[in-house]
Amino acid sequence: MITLFRSVKNYLSFVKFSHTIFAMPFALIGFSLAVSKYEYVFSIRLLLLILLCMIFARNAAMGFNRVADRRFDSLNPRTKNREIPAGIIGLKAATAFIIINAALFIITTAFINRLTLFLSPVDLLIFLGYSMTKRITSL
């Protein structure tokens with residue numbers, strides 16, 4: 001049980017889950033603006049699906065960022081103790097984490113509607129590709 005707790009704690013640290021909690025108000029604002037239109041009604045189911053999508057997409061993106069930057073992180077004194085450079089989470093486990101979260105994101109979008117499902121790969125491409133943009137732009 002302690003090993004499981006430690007493993008979950010490592011993955012929460014790996015993706016900085018506290019930052020996910022910090023970002024949730026933005027998803028909630030978007031949801032609130034959408035349901036404030038008279039043709040839409042509040043749905044707790046839809047709210048939960050949107051929050052799950054946000055969590056899964058952010059986990060996949062942060063995991064991908066950590067994998068993509070592992071070489072740089074190992075050379076930087078400030079980041080050398082992150083989970084991958086420190087050997088706390090292996091590269092295969094991190095890759096599996098990314099794939100699982102990306103798959104869960106796509107599956108969750110299917111429960112929202114078909115358009116969301118069809119656009120989910122584009123969304124993932126943007127989320128994952130963002131990690132690579134810092135190599136080609138200072139923005």
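In this predicted model, D69 touches K134 and R135, when residues up to four places away in sequence are not counted. D69 lies in the loop between α3 and α4, the latter helix spanning residues 70-75. With a relative accessible area of 9%, D69 falls under the 20% limit and is therefore buried. A further reference point for D69 is A23, a residue that is 46 places away in sequence and 22 Å away in space, taken from C-alpha to C-alpha.

A look at the whole chain helps to place this loop. The protein chain has six helices and zero strands, and its pattern along the sequence reads α-α-α-α-α-α. Along the principal axes, the C-alpha atoms fill a box of roughly 55 × 45 × 25 Å. The chain has 139 residues, of which 31% count as buried. Contacts that span the sequence are well represented: among those between residues at least 6 apart, 66% join residues at least 24 apart.

The packing of α2 and α3 comes next. Two packed helices are described by the angle between their axes and the distance between the axes. Here, helix α2 (residues 17-35) and helix α3 (residues 44-68) have axes that come within 10 Å and cross at roughly 140 degrees. Angles over 145 degrees would count as roughly antiparallel, and α2 and α3 are therefore oblique to each other. The crossing of these two helices is right-handed. On the α2 side, the contact is made by F17, H19, T20, A23, M24, A27, L28 and F31. The α3 side contributes L46, L47, I50, L51, M54, I55, R58 and N59. Sorted by class, the contact of α2 with α3 holds 12 nonpolar residues, three polar ones and one charged one. A23, the reference point used above for D69, is thus among the α2 residues of this contact.

Which residues does T20 meet, once its neighbours within four places in sequence are left aside? T20 lies in helix α2 and is in contact with M54, I55, R58 and N59. These four partners are among the α3 residues that make the helix-helix contact. The relative accessible area of T20 is 0%, so this residue is buried.

Just before α2, the backbone offers a detail worth a moment's attention. Most residues other than glycine have a negative phi. K16, however, has a positive phi, near 50 degrees, and is a residue other than glycine. K16 is found in the loop between α1 and α2. Its relative accessible area is 28%, so K16 is partly exposed.

Aromatic residues link α1 with α5. The structure holds four aromatic pairs. In one of them, the rings of Y11 and F97 have their centres 5.2 Å apart and their planes at 25 degrees; the angle is under 30 degrees, so the pair is stacked. Y11 belongs to helix α1 (residues 2-14) and F97 to helix α5 (residues 91-110), so the pair ties together parts that are 86 residues apart in sequence. The two rings differ in burial class: Y11 is partly exposed, at a relative accessible area of 22%, whereas F97 counts as buried at 15%.

F97 also pairs with F14, this time in an edge-to-face arrangement, with 5.8 Å from centre to centre and 70 degrees between the planes. F14 lies in α1 and F97 in α5, so this pair ties together parts that are 83 residues apart in sequence. Both F14 and F97 are buried. How are Y11, F14 and F97 grouped? Together they form one aromatic cluster, in which F97 pairs with Y11 and with F14.

Helix α5 provides one last point of interest in A103. This residue is partly exposed, with a relative accessible area of 34%. A103 and P121 are 18 residues apart in sequence, and their C-alpha atoms are 10.0 Å apart in space.

Terms used. Residues are numbered from 1 along each chain as its sequence is written. This is a predicted model: local features need pLDDT of at least 70, side-chain atom pairs count only at pLDDT 80 or more; totals for chains, interfaces and linings use all residues. Side-chain values use heavy atoms; hydrogens and water are left out. Axes are lines fitted to C-alpha atoms, for helices over the stretch in contact, and angles run from 0 to 180 degrees between N-to-C directions. Angles under 35 degrees count as roughly parallel, over 145 as roughly antiparallel, 65 to 115 as roughly perpendicular and the rest as oblique. A crossing is left-handed if the near helix is turned anticlockwise from the far one by less than a right angle, and right-handed if clockwise. Contact means heavy atoms within 4.5 Å. Ala, Val, Leu, Ile, Met, Phe, Trp, Tyr, Cys and Pro count as nonpolar, Asp, Glu, Lys and Arg as charged, and the others, Gly among them, as polar. Buried means under 20% relative accessible area, exposed over 50%, partly exposed in between (1.4 Å probe, protein chains only). Rings of Phe, Tyr and Trp (its six-membered ring) pair if their centres lie within 6.5 Å; planes under 30 degrees apart count as stacked, over 60 as edge-to-face and the rest as tilted.
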